[in-house]
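Biologist: Could you walk me through this model, starting with one of its helices? I'd like to hear the reasoning as well as the answers.

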Amino acid sequence: MDAQTAESLKLLKNISLYAETYGCTYNAGDTEKLMEIARNQGCVPASSAEEADAILINTCVVIDKTEQHMYERLDLYAGKLLFVTGCLPPVAEDVLHTKYPHIHIIDPALIHSCYMEVATAHSGTNAVLQIARGCNGHCTYCITRIARGKLVSFSAEDIVRQAESIIEAGATEIQLTAQDTSSWGLDRNDGQRLPDLLRKLCKIRGDFMIRIGMANPDTLLPILDDFLDALRDPKIFLFLHIPVQSGSDSVLRLMGRRYTSAQYEEICRRAREAFPQIRISTDYIAGFSGETDEDAAASSAQIRRTRPGKVNITRFSVRPNTPAAKMKKIPEQIKKQRSRELTNAANEVYDANNEALIGQIMTAVVTEVVKQGSVTARDRTYQNIVIMENIDIGTEITVKITGHRRHYLIGELI
């Protein structure tokens, strides 16, 4: 452990701590681990920043707007005992120390090893389980790979041990996460890959489900048959998050993505051949440098053709010290228009997908209380289903789909 992080962690002792987390599920997992480290040193969680002795900010810098928001949050709490982790310190440590001379930085690369020494588990029905850190990709636009470094796969033994602990602590949904889950094992010498890890996790006793996080097409395709075979276990949600980023091969090359649009569509096709009901989520970047009108149209057409259940759309944002920062920029108004076109295509698909489900009867598990008198449940494909009933979290139910609100289904309890 570096001296700066060691000193910061020593201060997380016998105080009340309030945490704010931004960005991805991986960051949420880091916050859970830090809060558990702090709890084991006598800290208690605070329900608001006002009543807390100290503030922890877990930062994201994926786009410029988000990074600027991080500085706004740090400015707000600059007068308090302030801890910062996440992707901002690795890419802007000097700036942080200059602007906030009394800040305490926790290196995100060290959180996992520190947490493993604690040997306890975060309690709750949903738990994040990190399986790797970093990425072996070469995306020209990505600052996260600079912040997180090269791929480091955590050992299967450590992952299974963590899973057993969080299941024993009450978790019913385990969210596997990494910068690229399907790259797990590529840096190890034991020959194990993600399907092997999934099978080990499914052997754990208990009533729980596994949601697999983001998997890049280039690392998923070589293991696809074995991966789809592992998905046959009923403990795994039939939900895939496969970010394609563009429907144009020329743009994919500019992005440094190491697959073609046809290969992404092959993954979708083969997954649906194995599981017709599987739900696929994907990501697109609107207005990447060098993207033409034809390239943008190819992305919208791909959404309509592949019918994803969820689409995350981001307008391209230049990040410093990335190869894409040197490319010719597209005007902001064009980015906005292309983002709207992608959103319109996605909304058409959502409505069509949901309309086809009306009248179907599904088995689901209650995962969240929305408000008094209504709950959210998830079916095997990780669909959001809202039911106007008071039902305990964790209850398995049978529902009939009666309608939808584009981003979620409405069901009646049978």
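Biologist: Which residues of α3 are buried?

Modeller: Happy to start there, bearing in mind that this is a predicted model. Buried residues have under 20% relative accessible area. In α3, those residues are E67, M70, Y71, R73 and L74.

Biologist: What arc do they cover around the axis of α3?

Modeller: An α-helix has 3.6 residues a turn, so residues three or four places apart point the same way. On the other side of α3, K65 and L76 are exposed. The buried residues sit on the same side of α3, because their arc around the axis is only 160°.

Biologist: Which elements do the buried residues of α3 pack against?

Modeller: Three strands and a helix take part. They are β1 (16-21), β3 (54-59), β4 (81-86) and α4 (88-99).

Biologist: Good. Which helix gives the largest share of the largest nonpolar core?

Modeller: That core has 84 residues, and I131, L198, L201, F227 and L231 touch the most other members. Its largest share is 6 residues, from helix α7 (residues 156-168).

Biologist: And how many residues are in the other core?

Modeller: This core lies apart from the largest one. Its members include C60, V84, L88 and I103, and its size is 23 residues.

Biologist: Last one: how many disulfides does the structure hold?

Modeller: C139 is buried, with a relative accessible area of 11%. The closest cysteine sulfur to that of C139 is in C142, 6.0 Å away, which is too far for a bond; a disulfide needs the sulfur atoms within 2.5 Å. For the whole structure, the number of disulfides is 0.

Definitions and conventions: Residues numbered from 1 in each chain as written. Predicted model: local features only at pLDDT ≥ 70, side-chain atom pairs only at ≥ 80, totals over all residues. Heavy atoms only, no water. Buried < 20%, exposed > 50% of the residue type's maximum accessible area, 1.4 Å probe, protein only. Core = buried A, V, L, I, M, F, W, Y, C linked by side-chain atoms within 4.5 Å. Helix = DSSP H or I, 4+ residues; strand = E, 2+ residues; numbered from the N terminus. Arc of directions from axis to C-beta. Contact = heavy atoms within 4.5 Å.
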